[in-house]
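Dear colleague,

Here is the structure I promised to hand over to you. Please keep it open beside this message while you read, so that you can look up each place as it is named.

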Amino acid sequence: LPVVTPSDSGTVFDVVLKNAGGTVTSSNATMTVLPVQTGNVAFYQSAVRGEAGLAAYFTVDGDTGTKLSNIVDGAHNGTFEGNAAFDGRTNRAFGVRALRLKGDGDVQVPNNPAYEFGNGTGTIEALVYLDRSPSTANQTIVSMAVDPAAAYYIIQTSADGTALVYNNVALAQ
């Protein structure tokens, strides 16, 4: 489901799998939707927007389709690639929704010199729900690259979903 609300709580689902060998139906699963803590979200978003050097902020809330809006600079919005999608699970977001990137999709954001931290300092903040990847390789959350083959720095999750990994080519790590 792309978006759920508390009124969806109690909805019952099952899955039917069918092939030449027969049909199997799963047990029922009841969905529970937790309400967003709007006071906490408003405080957090206000604090982020108050940062003097803020170059980009992708809240995800309110976005639809395949666009990820940069509320600081609309010229550098993100575009979904592959199977990137919105995730409506409110317990995996600090807001109303989140992104789902499970090794088979990404969000491409046009280059902006402000993202390169030319003075050597900067901060990237992301709220990440770690999960096991279907791949055996580390999965990229954020990278700064001149092209897809040459990254300056990369923040990734380990394939088993238990750790964050940072690589920086300038530091030869």
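**What was found**

The protein exposes about 11,300 Å², of which carbon and sulfur atoms supply 54%. Please keep in mind from the start that this is a predicted model. Of the 173 residues of the protein, 22% count as buried, and among contacts between residues at least 6 apart in sequence, 37% join residues at least 24 apart.

The protein holds 1 helix and 12 strands, and if you follow the chain from the N terminus on, the elements run β-β-β-β-α-β-β-β-β-β-β-β-β.

**Strands and a surface patch**

It may help to begin close to the start of the chain, with β2 and β3. These strands form a hairpin with 2 residues between them, and β2 pairs with β3 (residues 22–25) in the antiparallel sense over 4 bridges. Within this pairing you will find V16 opposite T25 in β3. V15 has its place in the loop between β1 (12–13) and β2 (16–19), and with a relative accessible area of 46% V15 is partly exposed. Together with L17 and V24, V15 makes a nonpolar surface patch of about 290 Å².

Further along the chain, an open sheet is formed by 3 strands in the order β5-β6-β9, and the pairing is antiparallel. The edge strands of this sheet are β5 (67–68) and β9 (105–108), each of which pairs on one side only. Between β5 and strand β6 (residues 78–82) the antiparallel pairing runs over 2 bridges, and here L68 stands opposite G78 in β6.

**Buried residues in loops**

Several loop residues deserve a careful look, and I would start with N70, which is found in the loop between β5 and β6. Is N70 buried or exposed? At 3% relative accessibility, N70 counts as buried, because the cut-off for that word is under 20% relative accessible area.

The side chain of N70 also has polar partners in the backbone: one of its polar atoms lies 3.0 Å from the backbone nitrogen of V72, and a polar atom of the side chain of N70 lies 3.3 Å from the backbone oxygen of D73. Although N70 and A56 are 14 residues apart along the chain, their C-alpha atoms are separated by 5.8 Å. If residues up to four places away in sequence are not counted, N70 touches A55, A56, Y57, F58, H76, N77 and Y115.

That list leads on to Y115, which lies in the loop between β9 and β10 (139–147). Y115 is buried as well, with a relative accessible area of 15%. Leaving aside its neighbours within four places in sequence, Y115 is in contact with A55, A56, F58, N70, H76, V109, P110, M144 and Y153. Y115 and L54 are 61 residues apart in sequence, and from C-alpha to C-alpha they are 10.0 Å apart in space.

The next residue to look at is V60, whose place is in the loop between α1 (38–49) and β5. What is the phi of V60 near? The phi of V60 is near 75°, a positive value in a residue other than glycine. As background to this, most residues other than glycine have a negative phi. V60 counts as buried at 8% relative accessibility.

Finally, please turn to S158, which lies in the loop between β11 (150–157) and β12 (164–168). S158 is buried, with a relative accessible area of 12%. Which backbone atom does the side chain of S158 reach? The side chain of S158 reaches the backbone nitrogen of T162, at 3.2 Å. Not counting residues up to four places away in sequence, S158 touches N138, A163 and V165.

**Where to look again**

If you would like a short route through the model, you could begin at the hairpin of β2 and β3, go on to the open sheet in the order β5-β6-β9, and then visit N70 in the loop between β5 and β6 and S158 in the loop between β11 and β12.

With best wishes

Note on methods
Residues are numbered from 1 along each chain as its sequence is written. This is a predicted model: local features need pLDDT of at least 70, side-chain atom pairs count only at pLDDT 80 or more; totals for chains, interfaces and linings use all residues. Side-chain values use heavy atoms; hydrogens and water are left out. Two strands pair if DSSP finds at least two bridges between them. Buried means under 20% relative accessible area, exposed over 50%, partly exposed in between (1.4 Å probe, protein chains only). A polar contact is a pair of N or O atoms within 3.5 Å; within protein, one must be able to donate a hydrogen and the other to accept it, and residues adjacent in sequence count only if both atoms are side-chain atoms. Contact means heavy atoms within 4.5 Å. Patches are made of residues with over 30% relative accessible area and no salt bridge: like charges are joined within 9 Å, nonpolar side chains (Val, Leu, Ile, Met, Phe, Trp, Tyr) within 5 Å. Accessible areas come from the Shrake-Rupley method with a 1.4 Å probe; for residues, only the protein chains shown count as cover. A salt bridge is a side-chain nitrogen of Lys or Arg within 4 Å of a carboxyl oxygen of Asp or Glu.
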